[in-house]
Amino acid sequence: MSSDADTPVLRNCIRLPLPEDELLEVTAKAKDYAIMHGAAMRSKTAFSPDSLNFAPFVLVPSSFPRKEFEKAVALQPIINRLMHNVAHDEEFITTTLAETIKVDEFTANLFNIYRKVLAHGFTQKISLGMLRSDLMLESGCPELSPRALRPAAGEDRGQAAAAVGAAAGTATVGTGRNKEQKQMQKEEQKEEEERKEDRESQLSRATGERDRRAAGVPSAYCCWKQVEINTIASGFGHLGPASKTIQRFVLSELGHADKLHNMPDNNALAGLCDGMVKAWEIYAKPKAVILFIIEDVSYNICDQRFHEFYIRETYPHIKVLRRTLTEVHREGKLGQAKELLLGSLEVAVIYFRAGYEPGHYHSQAEWDARYLMETSLAIKCPSIHYHLAGTKKVQQALAQPAVLERFINDPEEIKAVGKIFTGLYSLDDNEAGNASYEMALRTPERFVLKPQREGGGNNVYGVDIPDALKRMSRVERSAWILMDLIHPPLTKGYMVRPGGDMPPQIVDMVSELGIFGVVIGDAEHIVHNYQAGHMLRTKLSTANEGGVAAGLGALDSPYLIDSDDDDQEN
């Protein structure tokens, strides 16, 4: 992750540094508080199934622009619907992945299951999508740059807001034509006044940014850009809210309980688990179970178990099982109606917390287990077509307006979604792909190179890109995509890690926000579609990857600020 002296810094929620004695005391309390509230993981270096370490966390919450957070939350139902439509478009998935599956064995194996299931017809037409849309703030956002400010910018923002409002179901229905027209005129007048205020506000921000830059102080108010959309094993439904719990405790201990209202509600665990239960109810077999597909060794055990325990405590009539792919191969079979049976238990819903990387498939047995589940009557999260819709290659194709029009009908929704994409480029062996290849060799510092993988640690950054590309054949390149490097603003804070320095030191950090979404339906109808909470991961500004489970980031939660112009609070 690149940063320099000109990288803007978001103001802190409280004044730092803390006095050393106070810092030592509150950090020690926070570590214990984290473990005792389930913000913990098993150690990868000294693994024991009988012990836990607290998960790395940021001591106080990191600032995040309120308007950008609210925009991301409101946009999530549109993204849910977009990915649902993509997953059910056979032609698009087949065409988009045609080159990738020639050289990427893992994606090819997934696609082979998809092809075989299609040939026989989907036994279960309902899919459960539990998505996480990951985003980062972009400090070079053109929409908030004085150079890019035009009167139309306010209008665009109003149109985008209207698109988001439509997605949330805020349509008006009049009982009479004249009454409806009058109401529409009033609303249009009100919207125009709001747009005028928005333009003035934007102009004020832009003017303030110009003045700050003239004084050598860069602005940190920025927009957000899409990093990726996760369609399988979208974790941190528990650890996201748990991080808020820790930081609320810390702020209160430090005498800042008055600031807690700026930490947004986060019901991710309930929202995701309720999604599984809604799918279980659609299956409509009272004795059927929910099955979690897990890794052979689960380091991120608290995040997984809290999903299970929430369901058991809130819906005690629903049983939850945990099995590896290997165990499903050994125990699983299909009944007469193609119901999935594990012993005598029928499975209603399958929730994949594993199966997203090659290492989870030790042999053909695990692939056979995946195929068995995909051909069963159980509702999958994700189904094989949802899994493929989350590949980087598909997301690269979606970043083009002409493609979005295939899946979204509303022009304003298309505009709203199109604005969140950063540059994504194909590396296929054709004119466009070869141009991207040459561009990456000329200016590698501008890009990230991404394969069709989840789980972190797979990307190639900056100056390492040319060597990586030169080792690939023209055909092999098609398994990767090129993405513009996002330049987020910095935050400053204390990152607390097991075995770390005491007291912790203030470090420069950058954050990635994940917005959860739940969508349930078939190719024709969506029956449930909602935003389901959030999570924030923060890493050192010098680190490229930021996965907490991978040991590279830390738990965090957003502290919402209204403007970079506000004075820093004490």
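Biologist: How many bridges pair strand E18 (residues 506-521) with strand E19 (residues 526-540)?

Modeller: This is a predicted model: local features need pLDDT of at least 70, side-chain atom pairs count only at pLDDT 80 or more, and totals for chains, interfaces and linings use all residues. Residues are numbered from 1 along each chain as its sequence is written, and side-chain values use heavy atoms, with hydrogens and water left out. Strands (E, at least two residues) and helices (H or I, at least four) are DSSP runs, numbered from the N terminus, and two strands pair if DSSP finds at least two bridges between them. E18 and E19 run antiparallel, and their bridges number 12.

Biologist: In E19, which residue stands opposite Leu513?

Modeller: E18 and E19 form a hairpin, with four residues between them. Opposite Leu513 in E19 stands Leu536.

Biologist: Is E18 largely enclosed or exposed?

Modeller: Buried means under 20% relative accessible area, exposed means over 50%, and partly exposed lies in between (1.4 Å probe, protein chains only). In E18, 13 of the 16 residues are buried, so the strand is largely enclosed by the rest of the structure.

Biologist: Which residue of E18 is the bridge partner of Leu135?

Modeller: Strand E5 (residues 127-138) is mostly covered, with 12 of its 12 residues buried. E5 pairs with E18 in the antiparallel sense over nine bridges. Gly129 stands opposite Val519 in E18. For Leu135, the partner in E18 is Leu513.

Biologist: And in strand E6, what stands opposite Leu135?

Modeller: E5 also pairs with E6 (residues 223-230), antiparallel, through seven bridges. Opposite Leu135 in E6 is Gln226.

Biologist: Which strands are the edge strands of the open sheet E13-E16-E14-E15?

Modeller: Four strands form this open sheet, with antiparallel pairing. Each edge strand pairs on one side only; they are E13 (424-426) and E15 (460-461).

Biologist: What angle does the direction of helix H17 (residues 431-442) make with that of E13?

Modeller: H17 packs on the sheet, touching E13, E14 and E16 (contact means heavy atoms within 4.5 Å). Axes are lines fitted to C-alpha atoms, for helices over the stretch in contact, and angles run from 0 to 180 degrees between N-to-C directions. The angle with E13 is about 120°.

Biologist: How many disulfides does the count come to?

Modeller: A disulfide is a pair of cysteine sulfur atoms within 2.5 Å. Cys13 is buried, at 1% relative accessible area, and Cys302 is buried too, at 8%. By the distance rule, the number of disulfides is zero.
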